[in-house]
Amino acid sequence: MPAAVTIVEHPLVARHLAVLRDRETHSPVFRQTLADVSMILLYEALRDLSVRDEEIQTPLEATEGRRLADEIVLIAILRAGLGMVDGALRVVPEARVGHLGMYRDEDSLKPVGYYENIPDGAAGAEVVVVDPMLATGGSAVNALRRLKDAGAQRLRMVCLVAAPEGLEAVRAAHPEVPITCAAVDRQLDERGYIRPGLGDAGDRIFGT
């Protein structure tokens, strides 16, 4: 496993992941649970953010406090990445949100881009790419490359479930990008689905 991969081992993450894997979990519960676990994953992924000291006036007196030193930009890989945004914004409500739209060609298993909206200032920000599933790694590799082309220098990725093949693809193309996830599953099947996985995250989020 690449050294830059962090698996968040926490009882609440394990509980949420079990709910998300269960085929009997309906879309409303799936959406809420994904948001909840995303909050925990973002909390862990952003442990090393830089902060700056600032004087704050409490209702009683002045004191020293800390603020984030850098802007945070969240990039959701559409569609499924949208399911992680609400949870991420609970942790960093000041973050700006961009979107990269990609779908996987079911024959070639290659990503096809169809939409892009990257906030200004990404070059100087901490940029966090969110997508529940890191399967073949094609979408993640392309997203990170596009963000680098836009000037982003400090990149990290947060996903729910990863396949070894996807981790290897990201490591080969972007070895400096750290990845935080809840689990690394066994393998991909012949259709490029993660096994055991949790099915198509986008379909389960949106009930399609």
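**Notebook: cysteines, a sheet and V92**

I looked up C159 and found its sulfur 4.8 Å from the closest cysteine sulfur, in C181, which is too far for a bond. This is a predicted model. A disulfide needs the two sulfur atoms within 2.5 Å, and by this rule I count zero disulfides. From the other side, C181 is in no disulfide either, its nearest cysteine sulfur being that of C159. Are these cysteines buried or exposed? C159 counts as buried at 0% relative accessibility. C181 is also buried, with a relative accessible area of 0%.

Next I traced the sheet. I found an open sheet of seven strands with mixed pairing, in the order β1-β11-β9-β7-β4-β5-β6. Its edge strands are β1 (5-7) and β6 (111-117), each of which pairs on one side only. On average, neighbouring strands are turned by 20° against each other, direction ignored. I then checked β5 and β6, which pair in the antiparallel sense over six bridges. In this pair, H99 stands opposite N117 in β6.

Then I looked for helices on the sheet. Helix α2 (residues 27-45) packs on it and touches β4 (72-78), β7 (126-130), β9 (154-158) and β11 (179-181). The direction of α2 makes about 145° with that of β9. I noted that α3 lies across β4, β5, β7 and β9, running at about 160° to β4.

Last entry: where is V92? I found V92 in the loop between α3 (82-91) and β5 (96-104). V92 is buried, with a relative accessible area of 4%. Leaving out residues up to four places away in sequence, V92 touches L46, L68 and I72. I also noted V73, which is 19 residues from V92 in sequence and 9.6 Å from V92 in space, C-alpha to C-alpha.

Note on methods
Residues numbered from 1 in each chain as written. Predicted model: local features only at pLDDT ≥ 70, side-chain atom pairs only at ≥ 80, totals over all residues. Heavy atoms only, no water. Buried < 20%, exposed > 50% of the residue type's maximum accessible area, 1.4 Å probe, protein only. Helix = DSSP H or I, 4+ residues; strand = E, 2+ residues; numbered from the N terminus. Contact = heavy atoms within 4.5 Å. Pairing = 2+ DSSP bridges. Axes fitted to C-alpha atoms, helices over the stretch in contact; angles between N-to-C directions.
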